[in-house]
Amino acid sequence: MEQLPAQMTVVAISKPGGPEVLKPETRPVPQPGPGEILIRVKAAGVNRPDVAQRSGSYPPPPGASDLPGLEVAGEVVALGEGAVRHKLGDTVMSLVAGGGYAQYCIAQDAQAMAVPPALSILEAGALPETLMTVWHNVFERGGLKEGETLLVHGGSSGIGTMAIQLAKAFGAKVLVTVGSQDKADACLKLGADRAINYKTEDFVAVVKEATGGKGANVILDMVGGDYIERNYDAAATDGRIVQIAFLSSPKATVNFVKLMIKRLTHTGSTLRPRSNADKAAMVAAIEAKVMPFLREGRIKPLMDSTFPLSGAAHAHARMETSQHIGKIVLEI
């Protein structure tokens with residue numbers, strides 16, 4: 001085993017605020033505990049929860065690193081007691097509860113996945129958080145089935161672009177909402193059946209038209225606010241609406257009679273606070289059902305831009321413009 005350095009460079013949140021509060025620091029290289037592995041990070045995905053944590057509205061769960069970064073890819077360089085799924089030198093990608101904005105990061109052995117050859121290391125770094133979020137919310141919570149219609153709000157986001165690919169791979173029809181023609185074109189190129197510009201079109205009317213009046217079977221929503229009641233209008237009878245974020249507002253005035261009449265299910269989830277056992281179960285399901293598509297290169301993250309670790313503030317600024325299409329990644 002190679003001799004690891006005692007210190008590493010990280011990007012920490014110096015205080016709650018804008019992108020400028022992300023500052024480089026030197027910290028000790030962490031040591032993996034039972035069931036953990038240490039990854040020399042080569043790529044770390046940038047996600048909306050990182051932005052929320054930086055602004056002070058999304059604190060890390062107890063025991064997690066205070067550093068931002070929820071997904072990484074790189075080389076396994078140390079193993080904790082009982083870590084048997086991966087060996088030293090393996091190239092892996094993993095969901096993490098924090099700590100991704102660093103040269104080295106601790107991950108749960110059961111949450112790391114081997115990087116298939118069809119993915120570059122940067123693509124691998126952009127995958128775990130997005131893939132697990134989509135898999136759990138669209139398929140496990142939303143129960144999307146072959147032949148059904150999925151409506152994705154924020155279709156050009158990292159989550160949205162992954163949802164398009166996964167849903168199409170499993171035989172669903174996909175409708176998305178976007179805010180520009182460039183974003184619409186990107187979603188259609190990935191396989192979306194219809195891209196709805198929410199600035200010029202009423203997504204409820206378009207969904208009804210595209211489904212012969214039936215509505216969407218599953219709706220993946222990261223907007224909230226007045227979209228909540230409009231989702232009830234756009235949903236099919238027995239439809240499932242899955243809430244994963246509130247870019248607008250977590251509060252809304254809704255006529256819940258629609259929920260009863262259509263027999264709707266409105267659920268939601270957050271990934272970061274889930275137990276390690278829950279996350280390991282998601283990984284096992286993804287390895288069994290999605291990994292074949294990844295190995296074939298049929299599914300891969302749509303990449304927007306790459307920044308060095310020292311440019312994390314610029315990466316956050318890019319995300320906050322909402323002009324990005326796909327994933328933003330730090331190369332380390």
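In these legends Ala, Val, Leu, Ile, Met, Phe, Trp, Tyr, Cys and Pro count as nonpolar, Asp, Glu, Lys and Arg as charged, and the others, Gly among them, as polar. The model is predicted, so that local features need pLDDT of at least 70 and side-chain atom pairs count only at pLDDT 80 or more, while totals for chains, interfaces and linings use all residues. Residues are numbered from 1 along each chain as its sequence is written, and side-chain values use heavy atoms, with hydrogens and water left out.

**View 1. The second largest pocket and its lining.** This pocket (an open set of points on a 1 Å grid over the protein atoms alone, where a 1.4 Å probe fits, with protein on both sides within 12 Å along at least five of seven lines; lining residues have an atom within 4 Å of a point) holds about 460 Å³ of space. It is lined by 28 residues, with Gly63, Ala64, Ser65, Ala97 and Gly98 closest to its centre. The lining comprises 15 nonpolar, seven polar and six charged residues.

**View 2. Surroundings of glutamine 243.** Glutamine 243, with a relative accessible area of 6%, is buried (under 20% relative accessible area, 1.4 Å probe, protein chains only). Its side chain makes a polar contact of 2.8 Å with that of aspartate 221, a term for a pair of N or O atoms within 3.5 Å, one able to donate a hydrogen and the other to accept it, where residues adjacent in sequence count only if both atoms are side-chain atoms.

**View 3. Alanine 78 beside leucine 38.** Alanine 78 is buried at a relative accessible area of 5%, and its C-alpha atom is separated by 5.0 Å from that of leucine 38, although the two are 40 residues apart along the chain.

Notes. Buried means under 20% relative accessible area, exposed over 50%, partly exposed in between (1.4 Å probe, protein chains only). Contact means heavy atoms within 4.5 Å. Grid points are joined across faces, edges and corners, and a volume is the space filled by probe spheres set on the points. Lists of a residue's contacts leave out its neighbours within four places in sequence.
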